[in-house]
Structures are given as C-alpha cells and as structure tokens.
Amino acid sequence: MKRPFELLCFIVLFCLPFLTYAIEIKNVGAPYVQNYPKSVYQAGNQNWSVTKDERGVMYFGNSEGVLAFDGKHWELYQMPNRLIVRAVASDKKGKLYVGGFGEFGYWSYNNKGRFTYTSLATKIDSKSVSQDEIWKIFVDGERVIFQSFSTIYIYENEGISIVKPKQSFLFLNKSGKRFFAGIISEGLYELVGKDLRFIPGSEFLKDGILTILPFKGNSHLIGTAREGLFIYDGKTISPWEIQANALLKKNQLNNGVALPGGYFAFGTILDGIVIVDGSGNVVQRVNKSAGLQNNTVLSLFTDDKQDLWVGLDNGIDRIDITSPLYFYVDKAGKLGTVYSSIIVNDKIYLGTNQGLYYSNWSSSDKLFHSFDFKLVEKSQGQVWNLSVIDGQLLCGHNEGTFRVDNGSFQKISEIKGGWTIKELTSSQGVLVQGTYTGLVIYKKDASGNWFFSHKVSGFGSPSRFVEQDTKGNIWVSHANRGVYKLKLDAEMRRDVSIKSYDKSSGLPTDFHVNVFNLDNRIVFSSNSGFYIYDDIADKFFPYTQLNDKLGSFSTSNGIIQASENKYWLINHGKVALVEIDAGKLFVDYATFSSLNGRMVQYYENISRISKDIYLISVDEGFVVFKETRTKRPKGPLPKVLIRKIENITDSLNVLTENGDTDVEIPYSRNNIRITYSLPEYTVTAVEYQYFLEGYSNKWSEWSNLAVKDFTNLKYGEYVFKVRARVGGRDPSKITVMRFTILPPWYATNFAVAFYVVLGLVLLFVIKYFYDLKLKKHQEFIHQKFQKEQEELLQREAITNEQKIVSLKNEQLQLDLEGKNRELANSAMNIVYKNELLQKIRDELGRLKDSGGKKLASDQLRKINKVIEEGMNDERDWNLFEKSFNEAHESFFIKLKSTYPDLVPNDIKLCAYLRMNMSSKEMASLLNISVRGVEIRRYRLRKKLNLDHDKNLAEFFMEL
C-alpha cells in the first residue's frame with residue numbers, strides 16, 4: 001500500500017490538468033449563445049431563477065411554474081394555484097426547493113416515480129406566512145434558507161425557524177460560505193445561524209444591494225443597482241473604481257455570478273450581460289446584438305460544466321463561455337453573406353457578396369473590442385477570395401483581382417471571377433489563379449508588387465480549385481466534368497497538354513470532385529470519399545487508408561491547411577480540425593459543432609491569423625478560434641436519464657417519471673413509450689443506443705431519437721438498457737431500468753392455482769368417466785367378440801353351404817356334361833341309324849336277283865316305306881327332345897314364348913343348331929337333303945328376324 005504522502009502526490013498529479021484549467025474569455029466577438037425561446041419550451045416568458053440537480057437536469061423558476069430541461073425534452077410542472085416560481089434550488093439529493101407568492105416547498109419523486117410537490121408553508125402557522133414572494137433559496141448543508149422581502153425561513157430537521165428584520169429585505173446573497181442580506185434603509189447584514197448581524201460602515205448601501213460575490217482572498221464584491229461595484233474586505237466597504245462601473249450604472253445591474261478564471265458576469269436590465277476580469281476590465285458584452293434573445297437578465301447561473309445559463313425577461317439562453325470559438329454576427333444585415341475573412345496590419349477584412357469591408361482589430365488590448373465595419377471604396381460586388389501573399393492583400397473579385405493597401409482598392413487584373421490564388425511550388429515568385437474562364441499567372445514587378453502577367457492560353461474552363469503536384473502538373477477541378485490535368489510550357493503561357501478525367505477514369509462521379517493538397521499529396525474529394533491518382537495506371541483509386549481514419553469526414557468537400565500538420569475539413573456544412581502526427585490522425589469535430597450549417601456551402605473560408613488563432617467565415621460574420629494546448633476537461637459523459645415511461649395503448653398515460661422506479665404494467669395495456677435523454681447541453685448531436693432484454697438479443701443502431709415505443713409486449717420481466725455518445729467521446733455508462741408486464745388474468749397466480757384445482761377435479765372426473773368408459777368398452781368388446789364369433793360361425797356355415805352348392809353345381813355341371821354327351825350320342829346314334837337306313841335303301845335300289853334284274857318296285861316300295869318309317873320315327877325325336885330338355889330345360893320354353901310362329905320342324909332345327917351340328921348331320925336327322933337344311937335355315941333366319949351376318953348357332957347357344 002502506498003504511504004499517505006505518496007498517495008497524495010499521486011492524486012495531485014492525476015488531477016493537476018483539471019485543477020489548473022482556467023478559461024480565457026476573449027475580448028472580440030461573443031461566445032456562442034444557445035437560444036431557447038418560448039416557442040421551444042412552451043411556458044411563460046419570464047425566467048426568474050436557474051439551478052441544476054445532481055443528475056444534470058436544469059430547472060428554471062418560470063412565470064408559469066417549474067420548468068425542467070434535460071438536454072432534449074422540456075417539461076412544465078405547475079404549482080398550486082398556478083403560482084409564479086421566483087426561486088429554485090437543488091439540494092443535490094433529489095429535492096428541488098421552490099418558492100412563490102406566500103408558498104414554498106420542494107418537488108421530489110414519490111415511490112411511484114412521479115414528480116410531486118410538497119408544501120413546507122403548511123408546517124408553520126398561516127399567520128406567520130408572509131404574503132409576499134420568495135425571491136431567494138439557498139441550500140446550506142442540512143438547512144435550506146428561503147427569503148422573501150419580509151421574512152427568512154430556515155428549514156432544518158423537519159422544522160422551520162423564522163427570521164424577521166425591522167425593515168424589509170432586498171435580497172439575500174451567498175458569497176463563499178457567508179450569507180449577506182441588504183435591508184432597506186439600514187444597510188448590509190450578515191446571517192449567522194438564525195441571527196442578523198449588521199456590517200459596520202454599510203449604511204450608504206441601504207437601498208440597492210443586488211449581488212454579492214466572492215472576490216480575491218477573503219473579500220467580497222458587492223453589486224448595486226445604481227451605485228456600481230464595491231469591495232468588502234471584511235472590515236471596510238470601498239468603491240471599486242473600474243471601467244465597468246459607468247456601464248453597469250447606465251444599464252442597471254440586476255444580478256451577478258462568478259465565472260471560472262477569475263471573471264464576473266453581471267446581468268443588467270437594459271443591455272444584457274457585462275463580463276469583467278479580476279482587474280475590472282470589461283472583456284465581453286453579451287446582449288441582443290451578440291445573440292441574446294432579450295436584454296433584460298432576470299437570473300444567472302454557472303453549472304458544473306462552466307456553462308453560463310441566463311434567465312431572461314423573454315426566454316432562456318445558454319452561453320458557452322468555455323468554448324474557444326467567439327462569434328461576430330451582423331444582426332443588422334449590413335455586411336451581407338461573408339465568403340472570406342482575413343486580418344492584415346491590425347485590420348480585419350470581410351469579403352461578402354456586397355463588397356469588401358474592414359474594421360480595426362487589436363488582439364493585444366484586454367478591453368472589450370467592438371467593430372465598426374466600413375466598405376472599402378469601389379469594392380462593391382461579389383468578393384470570392386482574400387489572400388495575403390508576401391505581405392500583400394489580394395482580393396479575388398467578381399470584377400477582377402485587386403490589391404488592397406491602406407484602404408485603397410487597386411485593380412491588377414481584368415479577368416473576372418478570382419476564385420482562388422496561390423503560389424506555384426515549381427516556380428518562385430509566380431502565382432496561379434483560378435477564374436471563371438481559366439488560369440491566370442501573376443509575377444512581381446521591380447518594386448515587389450504582384451501584377452498580372454498573362455492568361456494561360458488553350459484552357460478556358462471555370463477553375464474553382466487549383467493545385468500543383470510534385471511533377472509540376474496543374475490539377476483543376478470542374479464542378480460538373482471531373483478534373484483536368486494540365487502541363488504548361490516553361491514560360492507558363494500555354495498548355496502543352498490537357499487531359500480530362502471523369503467517371504471512366506476511376507472517379508466515383510463527374511460532379512463536385514475537388515482537388516486539394518493534403519500533407520504534400522494531391523487528393524480528390526467526392527461524396528464517396530477521398531481519391532488519389534496513380535500516374536502509372538493513369539487512373540484514380542479510393543484513398544482507403546485516409547477514408548478509414550476520417551470516418552464520416554471522409555466525404556468532406558473541402559480541405560483548408562491550418563498549419564504545418566493540421567488541416568480543416570469541411571463536410572457539407574460540418575467542420576473538423578485534423579492533426580496528422582507520425583502517421584496518426586486526430587479528428588476534432590465536437591469543438592466546432594456550433595459552426596455546423598453556418599458557413600457558406602462550397603465557399604468555406606478559414607484563415608490563420610497567428611500561430612494559434614484562426615478566423616472562420618460564417619454566413620453573417622466571422623468566428624475567432626483560439627487553439628490552446630490546454631484542452632477543456634471533458635471527463636466521462638453523464639449517464640442517460642430515463643425521463644418518462646408512458647402507456648400508449650389507447651391514450652398517453654404517464655406511468656413514471658423516474659427510471660429508478662420499478663414499473664408494473666397490466667397486460668391489457670402492454671404498449672409503452674420510453675423517453676430518455678443525456679443531460680449534455682452542447683450543440684453536438686447526441687446519439688443513443690438501446691437494448692431491451694427479453695425483447696431482442698442485441699443493441700440497436702445508434703440514433704438521434706431519444707424515445708422508443710414497444711408494442712404488444714409479452715408478459716414477463718424486462719430490462720431496458722440505454723447509453724449515449726457525443727462527438728468523439730467514449731459512450732456513457734449504461735443506464736438500466738426494469739419493468740414488468742403483468743400476466744393476463746388467465747395467467748395470474750390465482751388463475752394458475754385455480755387451473756391446478758380445476759385440473760385435479762378434471763383429472764378425477766376424467767378418471768371416473770374413463771373407468772366407466774373402460775367398463776362399457778370391455779362390455780362392448782365382449783359383446784363384439786361374441787357377435788364376431790357368431791358372425792364367424794355364420795360365415796363358416798355360409799362357406800360350407802357355398803362349398804356344398806359349389807359341389808352341387810359341379811355335380812350338376814358334370815351331370816349336364818354327361819347329359820350333353822348322352823344327348824350328343826343319342827343324336828349321333830339317330831344320325832348313324834338314318835345313315836344306315838339310307839345306305840340300306842341305296843343298296844336295295846342297286847340290288848338284283850339272280851337273273852340280274854332289279855327287285856320289283858312293289859317290293860322295294862314296301863321296304864322303302866319301312867325304312868322311311870324308321871327314319872321318320874317320332875320316337876327318336878321324342879327321346880331326343882326329352883334328353884335335350886333335361887340338359888336345356890328352359891330352351892324350348894323360352895324359344896316358344898319368344899317366337900310363337902315356329903313350327904315343330906323349325907324347333908327341331910333350332911335344337912340341332914344349338915348343339916352346333918353340321919348341315920349334313922341335320923339333313924340326316926331331318927331326313928332331308930343338305931340343300932333342304934340350308935333352305936330351312938334361311939327361312940328360320942327370316943322368322944327370327946336376324947341380321948344376315950349373325951351366326952344362327954351362336955344365337956341359339958346364347959338364348
């Protein structure tokens with residue numbers, strides 16, 4: 001462990017940069033003034049007092065109530081009976097003390113996170129409460145002092161003590177740790193504990209002490225309304241005879257505040273703020289012409305960031321007194337738009353669209369310096385450029401180029417439009433100028449004055465930006481056609497070669513490509529970043545190494561050299577100072593954020609006055625920037641404040657105004673809006689990043705929005721995290737806020753318990769019905785089994801019956817086949833018999849007796865008759881018909897019913913055809929010739945009305 005002495009040394013050395021830092025208020029121009037008009041904060045005109053709480057939130061005693069500002073959002077809190085708030089003071093512990101007419105108390109956050117008012121006036125008897133305004137409030141340790149014109153109330157240990165003078169107070173003031181009060185018609189008193197002690201020798205100050213501030217040593221600076229300033233050294237009070245006295249008397253001092261660095265700011269009734277140094281010199285005057293909204297200053301307050309807050313009779317202003325930038329703005333519009341500015345021989349020149357103006361400049365004088373600009377005679381018209389080269393001031397004008405010397409305006413060139421002029425690196429004593437119509441060369445005469453030499457022939461394009469590279473080539477940018485590379489002859493009178501480059505040569509575009517010299521290297525700016533030229537490939541390539549280091553300023557449209565290793569970068573209205581040191585780049589743009597959008601676009605101008613002072617041209621004037629080695633202590637950013645959580649389901653409903661309060665939100669209103677802010681009051685844009693655990697799994701993109709809506713959130717616990725960043729500073733610490741979306745009624749603990757009980761009941765009921773159903777199912781299964789057994793037996797019986805029927809059918813089929821065979825055999829036997837009888841007849845006809853004679857005809861006739869009877873024996877047919885009917889029992893019935901016109905011979909023929917007999921066989925059975933069979937077949941077809949192509953045998957077989 002380090003010894004105490006070593007530890008003390010370490011602490012001192014570590015804190016030394018912050019302890020030794022002191023501001024230097026310049027005596028030219030005015031510090032940056034940020035205006036907050038009534039139209040912005042939406043409250044009353046008058047702002048009677050200012051304070052800042054421990055979180056960084058600003059509070060103002062406004063004519064309509066307490067006005068709060070967190071750097072992003074304004075909020076008005078109205079007092080009971082809409083009282084005017086005359087005094088506000090923060091105890092840095094969460095309470096904001098306020099006072100008004102017959103009322104005093106404090107605002108604080110309750111357990112629900114709502115900013116509410118608690119009256120302290122109720123702690124005392126109503127008769128003891130003075131019916132006048134509370135004008136001053138001081139927090140002094142554990143006690144709070146409230147002062148009205150008639151009474152001092154001391155709030156301590158939950159009790160209130162009352163101090164009443166014989167005469168009325170004017171104002172109570174705190175200087176260091178001491179409290180002083182001016183009592184009308186008596187003089188100056190000191191409040192010690194609860195007693196008022198008269199300061200001897202103060203009788204002459206009896207009518208107007210308005211402010212008392214700590215001064216050198218243990219002395220105090222007293223400000224009066226009409227008598228000026230006095231010094232009280234603890235023993236005597238003496239006038240402080242300084243320059244500021246007359247000014248403060250004239251404009252009626254109203255209040256005052258001590259500033260860092262030994263300065264004092266006094267607010268007046270008639271002419272804004274007067275700032276004096278420790279020697280009494282007026283170093284600044286900030287009034288309406290310098291940017292204040294109103295010249296009547298009602299209150300002044302210096303915060304922990306050394307910003308000066310001003311409560312006005314109409315509005316609120318913040319003065320950035322620690323900024324190295326000081327502004328001169330032509331509020332009257334006398335000068336026009338400023339395109340260029342420069343300081344030469346203790347004179348400041350402004351080149352505007354109306355002409356060239358000048359005024360005296362004295363940076364060595366500590367007194368406040370005002371300007372009285374006058375027009376240089378015969379300089380009317382557009383001034384583009386002011387340059388000092390070898391001690392001579394050259395003015396690039398719409399009408400040509402002029403040399404300015406001791407108020408004279410001498411034309412040295414008739415070529416119109418002198419945009420830029422600079423020395424050539426390849427030739428000493430030679431200047432090149434870019435004009436409306438090309439390039440112009442200047443040289444020196446015998447007396448050392450610059451004069452017009454000649455215009456470069458062969459090139460006539462507008463030349464806004466001109467640079468020469470190390471090889472002597474001159475690069476010229478064209479607004480709409482890329483860039484040109486020119487090589488001039490030795491006399492620089494004409495172009496030896498001209499080559500144009502555009503998008504086809506590697507440039508990202510043909511428009512607004514500008515050329516600059518950056519660290520002795522020619523670079524080309526574009527909206528896609530910086531490019532460099534490769535003379536071997538004769539093409540352009542992105543300057544990646546530079547673009548990556550510059551970040552957002554890689555798309556800058558302008559580069560102006562500040563010093564040997566520093567450059568100004570202009571990025572479409574935004575300004576940064578870039579330092580190149582040992583290959584490393586340092587970009588500072590936060591310091592110059594107040595310049596954003598105030599310079600003339602594409603004609604930005606910054607000139608170096610001295611080693612560390614620069615003059616920056618802005619629209620309506622100029623800005624003085626003094627670079628110092630001692631940087632303003634930045635420190636870490638404050639934490640982001642959760643300012644409000646609102647429900648936005650159907651209407652805006654504030655849930656809490658404090659992010660430290662846990663919030664429970666009904667599920668039916670699960671749409672919320674979270675408003676947050678960073679209590680940082682510089683003009684640099686603040687970017688926020690948030691992350692809602694339980695909703696997403698990563699941080700959002702950086703955004704300027706300071707509000708976020710979440711809709712249709714599921715029930716559960718959420719953790720909202722947010723952080724911020726400003727300029728190039730590290731992000732702030734993470735602010736964490738928790739909130740809960742309550743479950744819907746059907747997901748509450750009671751509902752869950754009900755669901756459990758209901759589930760058990762349902763389980764019992766389900767089991768009961770399940771058992772009952774199981775029993776019924778078992779019975780059903782038993783019955784089904786029996787039924788299936790019966791059905792199985794029935795199916796087996798049917799199967800057996802089918803088998804029996806099948807066997808019977810098979811047997812019948814066999815019987816039918818047997819009968820068909822018998823029928824066929826019977827028919828064949830008849831055929832055979834008839835054929836045999838026919839043969840016998842034929843043989844008998846050929847038979848002869850022994851004598852060789854044929855048999856007698858009567859004998860043959862008898863025999864033929866017998867044969868004929870045998871062949872036509874109906875018994876054969878009857879037997880055949882019987883057998884045919886047994887085999888085809890329904891054939892003759894169906895045939896006769898369908899065709900009743902058929903005769904017996906037709907029916908016989910039909911039966912023979914069904915048996916598929918041949919014509920010869922049928923002829924034998926019918927005892928006719930084959931020809932006769934054909935005839936009968938033909939006749940039968942006609943009776944049956946059959947088509948000619950229909951086969952008779954098939955027809956009867958299908959019947």
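Which residues do ring pairs link into a cluster? Here is a short note on that and a few other spots, bearing in mind that this is a predicted model.

1. **The aromatic cluster.** The members are Y36, Y41, F60, F69, W74, W309 and Y681, and ring pairs join them. Happy browsing if you want to colour these in your viewer. Across the model, the count of aromatic pairs comes to 74.

2. **F60 and W74.** A pair of aromatic rings is described by the distance of the centres and the angle of the planes. For F60 and W74 the centres are 5.9 Å apart and the planes make an angle of 35°. That makes the pair tilted, because planes count as stacked under 30 degrees and as edge-to-face over 60. F60 belongs to strand β3 (residues 58-62) and W74 to strand β5 (residues 74-77), so the contact ties together parts 14 residues apart in sequence. Both F60 and W74 are buried, and both also appear in the cluster of point 1.

3. **F180 and Y232.** Here is an edge-to-face pair, with 85° between the planes and 6.2 Å from centre to centre. Distant parts of the chain are linked by this pair: F180 sits in strand β15 (residues 178-183) and Y232 in strand β20 (residues 229-232), with their positions 52 residues apart in the numbering. As for exposure, F180 and Y232 are both buried.

4. **Charges over rings.** Two places deserve a look if you care about cation and ring geometry. R86 lies over the face of W48, 4.4 Å from the ring centre. K136 lies over the face of F171, with 5.4 Å to the ring centre.

5. **Backbone at D346.** Most residues other than glycine have a negative phi. D346 is not a glycine, yet its phi is positive, at about 60°. You will find D346 in the loop that runs between β30 (338-344) and β31 (347-352). Is D346 buried or exposed? D346 is exposed, with a relative accessible area of 53%; the cut-off for that word is over 50%.

6. **Backbone at H512.** Another non-glycine residue with a positive phi is H512, at about 55°. Where is H512 placed? H512 lies in the loop between β45 (495-501) and β46 (514-518). With a relative accessibility of 38%, H512 counts as partly exposed.

Terms used
Residues numbered from 1 in each chain as written. Predicted model: local features only at pLDDT ≥ 70, side-chain atom pairs only at ≥ 80, totals over all residues. Heavy atoms only, no water. Helix = DSSP H or I, 4+ residues; strand = E, 2+ residues; numbered from the N terminus. Buried < 20%, exposed > 50% of the residue type's maximum accessible area, 1.4 Å probe, protein only. Phe/Tyr/Trp six-rings, centres within 6.5 Å; stacked < 30°, edge-to-face > 60°. Lys NZ or Arg CZ within 6 Å of the ring centre and 35° of its normal.
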